Amino acid sequence: MLKRHSHLWPGVPFAIGSAVLFGASAPLSKLLIGAIDPWLLAGILYLGAGVGLAFIHWGGRQLGLRNEEAPLRRGDAPWLVAVIISGGMLGPLFLMFGLSRTTAASASLLLNLEGLATMAIAWVIFRENVDRRLLAGAAAILAGAVLLSWKGVSPSLDRGELYILAACLCWGIDNNLTRKLSAADPVQIAMIKGLAAGATNFALALVLGASLPTVSLIGLGAIVGFLGIGVSLVLFMLGLRHLGTARTGAYFSLAPFIGAVLAILIFRETVTPQLLLAGLLMAAGIWLHLSERHDHEHVHETLEHDHLHSHDEHHQHEHDGPVSEPHSHWHRHEPMRHKHPHYPDLHHRHNHG
């Protein structure tokens with residue numbers, strides 16, 4: 001049984017862990033919005049992520065701990081700038097504006113559209129493979145989001161919900177661009193993204209007149225950002241390595257359910273039949289993605305890259321002297337044809353006709 005589902009590990013736990021942490025951050029951020037300007041809070045969240053991960057990144061070096069992850073390279077710079085702008089600056093800014101204008105439960109469930117945006121971009125632009133089960137799951141999630149926005153006459157969205165949709169689109173773009181960086185050190189990437197995006201939004205908010213909150217509120221926001229943004233992003237990038245963008249986005253769609261449950265517990269929001277039915281539709285869509293099994297004969301073309309790896313069936317190369325595992329270095333993959341369950345990870349980004 002374990003072997004049958006071995007293709008789910010470790011990518012699925014990484015993606016689900018990311019979803020849990022990010023899902024909890026939305027209602028917790030809602031608690032802080034009344035006391036902190038939304039734009040300033042977006043900056044604090046990402047600064048908390050960046051500073052916390054900097055302690056991990058640099059603290060490990062000071063303690064003599066070896067980091068076997070592949071470092072960023074000069075050619076990664078354009079992709080890194082793009083993910084900082086789309087996912088680190090615009091996405092959280094739209095989310096904070098949205099949370100200030102709508103209920104936490106509705107906001108958390110609407111965040112499912114980030115997964116749909118991620119999947120749509122991955123399928124249409126980056127040509128990741130898709131089958132009927134994946135499409136059915138995406139349709140169920142979309143139906144749940146439409147039901148959630150139903151106002152009695154026709155589907156409509158208020159300004160707060162439109163801001164959240166804009167945030168989802170920004171993060172969908174960000175997630176697909178981050179795929180280009182997923183072979184490199186995720187802690188280093190998330191640290192740079194958090195520090196750059198957080199400092200920019202923090203400074204802009206102050207220039208535009210936002211007032212500094214108390215030190216304790218800043219500290220609470222930083223903690224939420226470190227866990228819900230920083231650690232979540234690291235886990236999401238690790239999921240990208242093993243699952244590809246569309247499927248990691250699908251698993252990440254668990255986040256709004258976590259957020260909605262916490263919102264109901266924290267804010268004592270009403271559990272309506274509409275909310276329950278929307279949640280059931282979204283849950284069905286996520287189950288369809290979780291139960292997928294992709295298995296066919298495929299060809300690996302010649303490939304050269306650098307990433308953390310062990311000497312498994314896809315890594316059969318020589319070393320000059322003994323090495324520890326896992327390790328990272330520039331290596332070459334020779335052509336190979338075989339069959340096994342797989343996802344569009346670093347080594348299975350092939351065409352399907």
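**Notebook: P13 and the helix it sits in**

I looked up P13 first and found it in helix α1, which covers residues 11–33. I note that the model is predicted.

Is P13 buried, exposed or in between? I read a relative accessible area of 32% for P13. Buried would need a value under 20% and exposed one over 50%, so P13 counts as partly exposed.

Next I checked a residue far along the chain from P13. I picked F236, which is 223 residues away in sequence. The C-alpha atoms of P13 and F236 lie 9.8 Å apart.

I then turned to helix α9, residues 215–243, and how α1 runs against it. The axes of α1 and α9 come within 7 Å, and I noted a crossing angle of roughly 155°. Angles over 145 degrees count as roughly antiparallel, so α1 and α9 are roughly antiparallel to each other. I entered the crossing of α1 past α9 as left-handed.

Which kinds of residues make up the contact of α1 with α9? I listed 17 nonpolar and 10 polar residues, and no charged ones.

Last, I wrote down some figures for the whole protein chain. I found 12 helices and 4 strands in the chain. The chain has 353 residues, and 51% of them are buried. I looked at contacts between residues at least 6 apart in sequence, and 86% of these join residues at least 24 apart. For the surface, I recorded about 16,300 Å² exposed by the protein chain. Carbon and sulfur atoms supply 66% of that area.

Key. Residues are numbered from 1 along each chain as its sequence is written. This is a predicted model: local features need pLDDT of at least 70, side-chain atom pairs count only at pLDDT 80 or more; totals for chains, interfaces and linings use all residues. Side-chain values use heavy atoms; hydrogens and water are left out. Helices (H or I, at least four residues) and strands (E, at least two) are DSSP runs, numbered from the N terminus. Buried means under 20% relative accessible area, exposed over 50%, partly exposed in between (1.4 Å probe, protein chains only). Contact means heavy atoms within 4.5 Å. Accessible areas come from the Shrake-Rupley method with a 1.4 Å probe; for residues, only the protein chains shown count as cover. Axes are lines fitted to C-alpha atoms, for helices over the stretch in contact, and angles run from 0 to 180 degrees between N-to-C directions. Angles under 35 degrees count as roughly parallel, over 145 as roughly antiparallel, 65 to 115 as roughly perpendicular and the rest as oblique. A crossing is left-handed if the near helix is turned anticlockwise from the far one by less than a right angle, and right-handed if clockwise. Ala, Val, Leu, Ile, Met, Phe, Trp, Tyr, Cys and Pro count as nonpolar, Asp, Glu, Lys and Arg as charged, and the others, Gly among them, as polar.
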